[in-house]
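Q: Could you take me through one part of this model in some detail? I'd like a close look at the ligand site, along with the pieces of the fold that sit around it.

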Amino acid sequence: MDSAQLSHTAFFFDFDGTLSAIGPDPEKVRPVDDAPEALASLAGRSAYCAVVSARPVAFLAAQLHAVPGIALHGLYGLEHSSDGGATVSTLPEAAPYRPLIDEAARAAAEELPQALVEHKGLSCAVHYRNAPELADAVELWAAGYGAEHGLKVQRGRMVVELKPPVERDKGHVVREALDARPELVGGWFFGDDLGDRPAFAALAARAEREPAFRAMRVAIANPEGDPLSDLADLMLDRPEEVPGVVRRLLR
Ligand SMILES: O=P(O)(O)OC[C@H]1O[C@H](O[C@H]2O[C@H](CO)[C@@H](O)[C@H](O)[C@H]2O)[C@H](O)[C@@H](O)[C@@H]1O
């Protein structure tokens with residue numbers, strides 16, 4: 001890609017399974033080698049560079065060394081920071097659900113003591129990676145609790161999340177960023193999981209409306225399954241390949 005194209009292309013990256021390899025402890029995983037540096041270089045030369053993740057912005061900022069040029073969209077777009085995490089804005093309609101999510105996290109810890117509960121502020125993730133036999137129990141519990149308390153249920157890799165019932169996903173984040181930039185000639189999204197499908201769809205929608213727009217949907221493979229492979233324009237074998245692809249685009 002030449003530098004004129006690069007400066008008119010937007011880039012979006014999921015975090016877990018894309019910039020970071022999947023591991024047993026969500027607090028201990030780190031970005032793969034060169035990911036923060038490669039993204040920082042890309043941010044300086046592209047139209048827009050963003051991480052769009054289910055993690056809170058504070059976690060992303062810490063992992064990516066708070067590079068100000070990279071926009072951070074956390075909790076599927078419920079949180080956002082454009083200054084490397086120094087200031088974080090929350091979607092106003094989601095904010096009132098904080099006490100309900102606090103309560104859900106407490107209930108999950110009490111009722112599913114062998115699961116790992118990750119309380120992320122406006123979302124609560126219940127992990128069963130370290131106890132796969134709990135899969136059905138966690139799914140059932142989350143579906144029941146979500147229905148009873150009016151919370152949304154989101155599935156991921158060996159995890160089920162409870163979220164506020166607001167219309168917000170990675171697709172909304174990507175669509176807003178693209179709509180704000182009519183001059184773009186292309187957009188790339190790197191992802192690996194179910195929650196990235198709406199983002200792939202948002203890129204495809206722009207390309208459908210505007211045939212000159214180049215949508216690149218990059219899926220990172222995982223031996224646990226590839227829920228994006230049917231939509232992908234390019235498949236990478238593992239997260240460790242992502243910085244190399246970025247470096248090639250920058251050459
Ligand atoms: O949108 P993402 O950045 O991909 O976040 C999706 C979920 O990622 C994390 O969980 C996943 O990665 C963990 C660490 O490798 C792994 O232990 C877990 O089994 C995976 O589901 C994160 O902890 C979740 O909160 C995110 O929803």
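A: Here is a walk through the ligand site, then the two domains and their sheets.

Keep in mind that this is a predicted model. Start with the ligand itself: 23 residues surround it, and the closest are Phe15, Asp16, Pro26, Ser53 and Ala54. Two elements, β7 (124–127) and β9 (159–163), each give two or more residues to that shell. As for chemistry, the shell has nine nonpolar, six polar and eight charged residues.

Now, where does the ligand lie with respect to the domains? Domain 1 (3–91 + 168–250) and domain 2 (95–163) both contribute residues to the shell, so the ligand lies between them.

The domain assignment gives those two domains for the chain. Their centres, taken over C-alpha atoms, are 25 Å apart. Where they touch, 13 residues come from domain 1 and 14 residues from domain 2. On the domain 1 side, that contact is made of eight nonpolar, three polar and two charged residues.

Let's go to the sheet that holds β7 and β9. It's an open sheet of four strands, ordered β6-β7-β9-β8, with antiparallel pairing. The edges are taken by β6 (116–119) and β8 (152–156), each of which pairs on one side only. From one strand to the next, the twist averages 20 degrees.

The two strands named in the shell are also partners: β7 and β9 run antiparallel and are joined by four bridges. Within that pairing, alanine 125 stands opposite glutamate 161 in β9. Two helices pack against this sheet. Helix α4 (residues 98–111) lies across β6, β7 and β9, at about 15 degrees to β7. Helix α5 (residues 135–149) touches β7, β8 and β9, and its direction makes about 10 degrees with that of β9.

On its other side, β9 pairs with β8, again in the antiparallel sense, over five bridges. Here valine 153 stands opposite leucine 162 in β9. The two strands form a hairpin with two residues between them, and methionine 158 in the turn has a positive phi of about 55 degrees.

The other sheet is worth a look too. It's an open one of eight strands, in the order β5-β4-β3-β2-β1-β10-β11-β12, and its pairing is mixed. β5 (89–90) and β12 (234–236) stand at the edges with a single partner strand each, so one side of each has no neighbour in the sheet. At the β5 end, β4 (residues 79–81) pairs with β5 in the antiparallel sense over two bridges, and glutamate 79 stands opposite threonine 90 in β5. Across β1 (9–13), β2 (48–52), β3 (71–74) and β10 (186–191) lies helix α6 (residues 170–179), which runs at about 170 degrees to β2.

Stepping back to the whole chain, the secondary structure comes to eight helices and 12 strands. The radius of gyration is 18 Å, close to the 18 Å that the globule rule gives for 251 residues, so the chain is as compact as a globular protein of that length. Along its principal axes, the C-alpha trace spans about 55 × 35 × 35 Å.

So, back to where you asked me to look: the ligand lies between domain 1 and domain 2 because both give residues to the shell around it, with β7 and β9 among the contributors.

Terms used: Residues numbered from 1 in each chain as written. Predicted model: local features only at pLDDT ≥ 70, side-chain atom pairs only at ≥ 80, totals over all residues. Near = placed C-beta within 6 Å. Nonpolar A, V, L, I, M, F, W, Y, C, P; charged D, E, K, R; others polar. Domains from an automatic or database assignment. Pairing = 2+ DSSP bridges. Contact = placed C-beta atoms within 7 Å. Axes fitted to C-alpha atoms, helices over the stretch in contact; angles between N-to-C directions. Rg over C-alpha atoms; globule rule 2.2 N^0.38 Å.
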